[in-house]
Structure formats: C-alpha cells, structure tokens
Amino acid sequence: WAEAANRRRANWQRCHTLLADFTHLATSQLNDHTVPLGYVIRLENRDRVRALLARQRIFCPVHWPLPQAVDPRRFPAADRLARTCLTLPIDQRYGEPEIERIAQSLKMVL
C-alpha cells in the first residue's frame with residue numbers, strides 16, 4: 001500500500017508540474033499525508049474535454065455528480081462544482097510516460 005500511495009503522490013506532483021501553466025484549473029494543493037484519487041481540475045467545458053480525451057483513450061471519471069434531489073437553483077456553488085470537476089487518472093500503475101501523455105493530451109484539447 002505504501003508503494004501505491006507513493007506512486008500516486010509522485011504522479012500527482014508530476015501532473016501538477018507538467019500542467020504548471022494550467023494550475024488555475026487545479027482545485028487544491030497536495031497535503032503531506034494525502035493519497036490522491038486523481039488530479040482534479042475544473043473546466044467550464046468539462047464534458048467536451050472529457051469526450052476529446054476519451055478519443056485518445058484517456059478515461060476521466062466524473063466522481064461527484066450532483067444528486068437529482070439537490071436543487072441547483074438553491075445550491076449554485078454545488079451545481080457548478082458538480083458540472084466542472086474532472087478527475088485526471090494518476091493511478092499507481094502509471095509511470096512518468098503515461099502522466100506526460102495525459103498532460104500533453106489535455107494541453108492539446110484545451
């Protein structure tokens with residue numbers, strides 16, 4: 001587990017470095033003891049970018065859809081987050097070449 005955690009952290013850091021020009025998209029910094037699920041970014045055109053990345057065989061999940069029970073008019077901030085968050089994969093099975101490909105592909109579609 002420690003190796004998987006270390007790899008995920010390293011992949012997050014590498015992604016953050018490679019996307020330095022786009023760090024305004026990142027939703028947070030990596031804390032000392034955090035093991036990230038993915039590299040979360042926010043995009044107004046998230047679904048379009050997600051589809052373009054999928055064409056390149058980069059599958060980015062949407063982890064936090066807004067439940068239908070939540071009225072977006074009452075909770076506009078939650079609605080906006082749910083519509084704009086995209087998780088770039090940084091799985092522990094990935095190494096630098098995969099992270100570089102993901103970052104480069106994202107830059108190309110942006």
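**Exercise 1.** In this predicted model, decide whether F22 is buried, partly exposed or exposed, and state which residues F22 touches beyond its sequence neighbours.

*Solution.* Begin with the accessibility: the relative accessible area of F22 is 23%. Buried requires a value under 20% and exposed a value over 50%, so F22 is classed as partly exposed. Next, place the residue in the chain: F22 belongs to the loop that links α1 and β1. Then turn to its contacts: once residues up to four places away in sequence are set aside, F22 touches K107 and L110. Finally, take one of these partners and compare sequence with space: F22 and L110 are 88 residues apart along the chain, while their C-alpha atoms are separated by 9.7 Å.

**Exercise 2.** Determine how many helices and strands the chain contains, in what order the elements run, and how the radius of gyration compares with the globule rule.

*Solution.* Counting the elements gives 4 helices and 2 strands, and reading from the N terminus their order is α-β-α-α-β-α. The radius of gyration of the chain is 14 Å, close to the 13 Å given by the globule rule for 110 residues, so the chain is as compact as a globular protein of that length. As for its extent along the principal axes, the C-alpha atoms fill a box of roughly 40 × 30 × 25 Å. The contacts add a further aspect: among those between residues at least 6 apart in sequence, 70% join residues at least 24 apart. Of the 110 residues, 36% are buried, and the accessible surface comes to about 7,100 Å², with 52% of that surface belonging to carbon and sulfur atoms.

**Exercise 3.** Describe the largest nonpolar core, identifying which residues have the most contacts inside it and which element gives the most to it.

*Solution.* The largest nonpolar core comprises 20 residues, and Y39, L53, L86, L88 and L106 are those with the most contacts inside it. At least two residues of this core come from each of α1 (2-18), β1 (39-42), α2 (46-55), β2 and α4, and α4 gives the most, with 5 residues. To see one member in detail, consider L53: apart from neighbours within four places in sequence, L53 is in contact with I58, C60, L86, L88, S105, L106 and V109. As general background, nonpolar side chains in soluble globular proteins tend to be buried together.

**Exercise 4.** R57 and D91 both lie in loops; establish for each whether it is buried or exposed.

*Solution.* R57 is found in the loop between α2 and α3 (76-84), and its relative accessibility of 64% means that it counts as exposed. Its backbone also deserves a note, for R57 has a positive phi of about 65 degrees although it is not a glycine. D91, in the loop between β2 (85-88) and α4 (96-109), has a relative accessible area of 13% and is therefore buried. Beyond neighbours within four places in sequence, D91 is in contact with R8 and N11, whereas the C-alpha atoms of D91 and R80, 11 residues apart along the chain, are separated by 26 Å.

**Exercise 5.** Find which residues of α3 are buried and what covers them.

*Solution.* The buried residues in α3 are D79, A82 and T84, and the elements that cover the buried residues of this helix include β1, α2 and β2.

Notes
Residues are numbered from 1 along each chain as its sequence is written. This is a predicted model: local features need pLDDT of at least 70, side-chain atom pairs count only at pLDDT 80 or more; totals for chains, interfaces and linings use all residues. Side-chain values use heavy atoms; hydrogens and water are left out. Buried means under 20% relative accessible area, exposed over 50%, partly exposed in between (1.4 Å probe, protein chains only). Contact means heavy atoms within 4.5 Å. The radius of gyration is taken over C-alpha atoms; the globule rule is 2.2 Å times the number of residues to the power 0.38. Accessible areas come from the Shrake-Rupley method with a 1.4 Å probe; for residues, only the protein chains shown count as cover. A nonpolar core is a set of buried Ala, Val, Leu, Ile, Met, Phe, Trp, Tyr and Cys residues joined through side-chain atoms within 4.5 Å.
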